[in-house]
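Here is a short tour of a protein model, written for someone who likes to follow the strands by eye. Please keep the viewer open as you read.

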Amino acid sequence: MTINPTPTSDTAKLTGEHLHLVHRLATQLRVDSIRCSTQAGSGHPTSSLSAADLMSVLLVGHLRYDWANAQQATNDHLIFSKGHASPLLYSMYRAVGVVDEDELVNTYRQFGSRLEGHPMPILPWVDVATGSLGQGLPDAVGVCLAARYLDKLPYQTWVLCGDSELAEGSMWEAIDKASYYKLGNLTAIVDINRLGQDGPTELQWDMDKYAKRVQAFGAHALVLDGHDVVAIDAALSEARSHPDQPTVILARTIKGKGVPEIENKNGWHGKALPPEIADRAIAALGGVTGLTITTAVPDAGTSAIVPDPGATVTLPTWEIGQKVATRAAFGAAISALAVRPEVVVLDGEVGNSTHAGEFREVCPERFFEMFISEQQLIASAVGLSVRGYIPFASSFAAFLIARPYDFIRMAGVSEANIRLVGTHAGVEIGQDGPSQMALEDIAAMRAIHTSIVVYPSDAPSTAALVKIMADLDGISYLRATRGAYPVIYGPEEQFPLGGCKVHRAGADDTVALLGAGVTLHECLAAAEELAQSGIAARVIDLYSIKPLDRGTLVDTCRITKGRLVVVEDHYPQGGIGGAVMEALAEAEVPQLRVKLLGVTGLPMSGEPAELLDAAGISARHIVAAARELIEIR
């Protein structure tokens with residue numbers, strides 16, 4: 001730990017004229033943060049005022065960014081993990097000339113404006129949406145992984161963090177993984193202004209305790225006065241001198257700095273200054289200025305990895321009838337995708353079970369182990385996507401979706417392009433019991449903005465869908481089962497998104513059995529049993545749950561007079577049955593006669609077949625449900 005870094009000829013960049021410039025810029029950032037939030041009548045000016053000196057030094061002396069070319073591969077990255085300090089960020093954009101006076105002051109937080117309450121990637125200089133605390137730094141880890149191990153470019157990622165969000169475990173996951181992967185290209189700047197939304201933060205200004213925690217997680221800690229621009233300059237310089245260790249700058253600041261009426265006073269978080277206080281503060285700070293800053297432009301460079309979306313991907317094949325787990329098919333398919341250099345795989349320490357580890361065997365340089373840190377697993381995928389990579393993140397479905405759900409939600413807000421593969425879903429997993437059974441994941445993922453949800457039933461459909469996912473925008477989720485089930489599709493079959501597969505279809509079908517994944521096999525067995533008693537039942541493989549094949553469902557309802565049995569290894573709320581009923585809600589179909597079979601109670605350990613039967617989703621229950629529908633006239 002270094003206390004108050006002392007500038008030397010090697011570390012000090014700002015002298016004389018530049019120091020004067022930093023002070024002028026910091027004042028302008030404060031004035032503009034007040035102006036835009038007061039005009040909007042909302043926002044977080046006090047959280048912006050405390051970090052103005054930090055960001056002023058960064059802009060003047062350390063950030064390397066070509067503002068005219070936001071996609072320049074060698075640009076540094078700046079992420080506001082404390083996204084509520086958006087007045088400060090947008091004021092910085094005005095200072096570098098990419099946001100003008102009118103846009104900043106008159107459109108901030110207004111409907112239709114790109115200057116939203118929290119930063120959004122609608123702005124070309126914003127990598128990820130922030131505002132849900134504890135996510136910007138974890139996302140930055142993914143960006144830095146790309147820089148060090150894939151791009152092999154010297155850009156730095158700077159992250160402005162708040163002290164309140166250091167209560168989030170995800171921040172420590174991020175520091176831990178940044179240390180593990182030796183990400184010296186990551187610098188976290190923590191604005192420790194002592195006051196949170198509802199009173200003092202947990203550690204307030206206990207800088208020693210903060211530093212010890214940072215060091216315990218393997219990072220280089222620098223403690224300083226966050227309003228001493230010379231010390232800030234020295235710290236930012238020193239951050240670049242640790243190529244194999246992330247740096248965390250712990251800056252002691254005053255909330256509301258620059259406005260004596262509200263400095264270090266509780267109750268001002270998230271409140272715009274009233275016009276009378278704002279006017280006095282702006283006047284005391286010297287009034288409105290139009291200072292423009294020219295930041296350093298990075299040297300040109302290109303990534304060491306050149307994407308090859310046209311690379312020939314040869315998917316594995318299987319014999320019809322061969323028993324293969326869809327999780328195993330995922331492992332084989334993702335390994336085949338390794339020929340595309342932009343494909344990256346991340347795992348949550350279960351790669352030997354999800355089969356994601358097979359990618360590591362063929363392409364270890366593009367495989368990242370996140371261990372049991374599911375929040376960081378998703379965040380790293382998001383950060384890698386910022387750099388244009390195609391990340392697949394996998395783990396057991398129960399943990400992949402539930403534990404980092406807010407990270408997935410925010411990835412949707414960012415409109416990031418990531419691919420998730422959750423294995424061991426449903427009661428089908430057997431003896432491990434209900435703590436391991438994903439029974440809510442379909443509902444959760446269907447609710448995410450930009451999401452796509454697929455649930456293949458055999459190996460060929462899994463492989464085909466994994467290949468499709470590589471080129472999808474948004475957040476795609478593939479649900480895979482644990483057990484091995486017969487291959488039912490040949491290698492020539494296609495599985496377009498929004499499609500389905502219809503089995504045993506005939507013009508005289510009296511009922512349709514709808515399943516996906518493991519329940520498709522139960523539906524096929526049930527249809528065979530019904531056929532033996534003269535009942536014609538078609539079976540629909542709903543491998544694409546979102547989007548759903550509404551047209552085929554409507555046609556099926558017309559043929560079967562609205563008789564449908566929907567079977568899912570999932571809780572009924574929000575699952576496949578919900579998707580089907582939503583799709584048919586306004587369709588012109590006969591009166592619906594629907595049986596929804598799902599897991600309604602708390603499962604227990606047992607053999608998969610026992611559990612499917614106990615849950616009421618086995619073939620015999622499907623047969624009984626179909627017979628009941630047929631008896632209804």
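## Cysteines

How many disulfides does a search of the whole structure find? The count is 0, in what is, we should say at once, a predicted model. A disulfide is a covalent bond between the sulfur atoms of two cysteines. For Cys500, the closest cysteine sulfur belongs to Cys557 and lies 12 Å away, which is too far for a bond.

Is Cys500 buried or exposed? With 14% relative accessibility, Cys500 counts as buried. Cys363 is buried as well, at 2% relative accessibility.

## The five-stranded sheet

Let us turn to the sheets. One open sheet is built from 5 strands in the order 17-19-18-21-22, with mixed pairing. Its edges are strand 17 and strand 22 (593-597), each of which pairs on one side only. From one strand to the next, the twist averages 20 degrees.

Strand 19 is a good place to look at the pairing in detail. On one side, strand 17 (residues 501-503) runs antiparallel to strand 19 and is joined to it by 3 bridges, with His503 as the bridge partner of Val539. Strand 18 (residues 511-515) pairs with strand 19 in the parallel sense over 5 bridges, and here Leu513 stands opposite Val539. Between these two parallel strands, the chain passes from strand 18 through helix 19 (residues 518-532) to strand 19 in a right-handed β-α-β crossover. Further along the sheet, strand 21 (residues 563-567) and strand 22 run parallel and share 5 bridges; Val565 has Lys595 as its bridge partner in strand 22.

## Strand 19 from both faces

Why can strand 19 be called largely enclosed by the rest of the structure? The reason is that 5 of the 5 residues in strand 19 (residues 537-541) are buried. Ala537, Val539 and Asp541 point one way, while Arg538 and Ile540 point the other way, and all are buried. Do take a moment to find Asp541 and Arg538 in this buried set.

## The seven-stranded sheet

A further open sheet has 7 strands in the order 11-10-12-13-15-14-20, and its pairing is mixed. Strand 11 (367-369) and strand 20 (544-546) are the edge strands, each pairing on one side only. Neighbouring strands in this sheet are turned against each other by 20 degrees on average, direction ignored.

Within this sheet, strand 10 (residues 343-347) and strand 12 (residues 390-396) are parallel, with 5 bridges between them; Asp347 has Ser394 in strand 12 as its bridge partner. Helix 14 (residues 374-386) lies across strand 10, strand 11, strand 12 and strand 13 (418-423), and runs at about 170 degrees to strand 12. Helix 18 (residues 459-469) also packs on the sheet, where it touches strand 12, strand 13, strand 14 (451-454) and strand 15 (475-479), and its direction makes about 165 degrees with that of strand 15.

## Nonpolar cores

In soluble globular proteins, nonpolar side chains tend to be buried together. Here, the largest nonpolar core has 157 residues, and those touching the most other members are Leu250, Phe392, Leu420, Leu513, Val565 and Val580. Helix 6 (residues 136-151) gives the most to this core, with 9 residues. A second, separate core of 50 residues includes Val57, Tyr90, Ala235 and Ile249.

Which residues does Val565 contact, leaving aside its neighbours within four places in sequence? Among them are Val511, Leu513, Leu597, Ile622 and Leu629.

Thr560, found in helix 20 (residues 550-560), is also worth a look. At 0% relative accessibility Thr560 counts as buried, and Thr560 touches Asp509, Thr510, Val511 and Ala512, not counting residues up to four places away in sequence.

## Backbone details

Finally, a few backbone features to check. The peptide bond from Lys546 to Pro547 is cis, with omega near 5 degrees, and Pro547 sits in the loop between strand 20 and helix 20.

Gln204 is not a glycine, yet has a positive phi of about 50 degrees. Gln204 lies in the loop between strand 6 (199-200) and helix 8 (207-216) and is partly exposed, at 32% relative accessibility. Asn264 also has a positive phi, near 55 degrees. Asn264 belongs to the loop between strand 8 (247-252) and helix 10 (275-284), and its relative accessible area of 28% makes it partly exposed.

Technical notes: Residues numbered from 1 in each chain as written. Predicted model: local features only at pLDDT ≥ 70, side-chain atom pairs only at ≥ 80, totals over all residues. Heavy atoms only, no water. Buried < 20%, exposed > 50% of the residue type's maximum accessible area, 1.4 Å probe, protein only. Helix = DSSP H or I, 4+ residues; strand = E, 2+ residues; numbered from the N terminus. Pairing = 2+ DSSP bridges. Right-handed = clockwise from strand over helix to strand, strands pointing away. Disulfide = S-S within 2.5 Å. Axes fitted to C-alpha atoms, helices over the stretch in contact; angles between N-to-C directions. Contact = heavy atoms within 4.5 Å. Core = buried A, V, L, I, M, F, W, Y, C linked by side-chain atoms within 4.5 Å.
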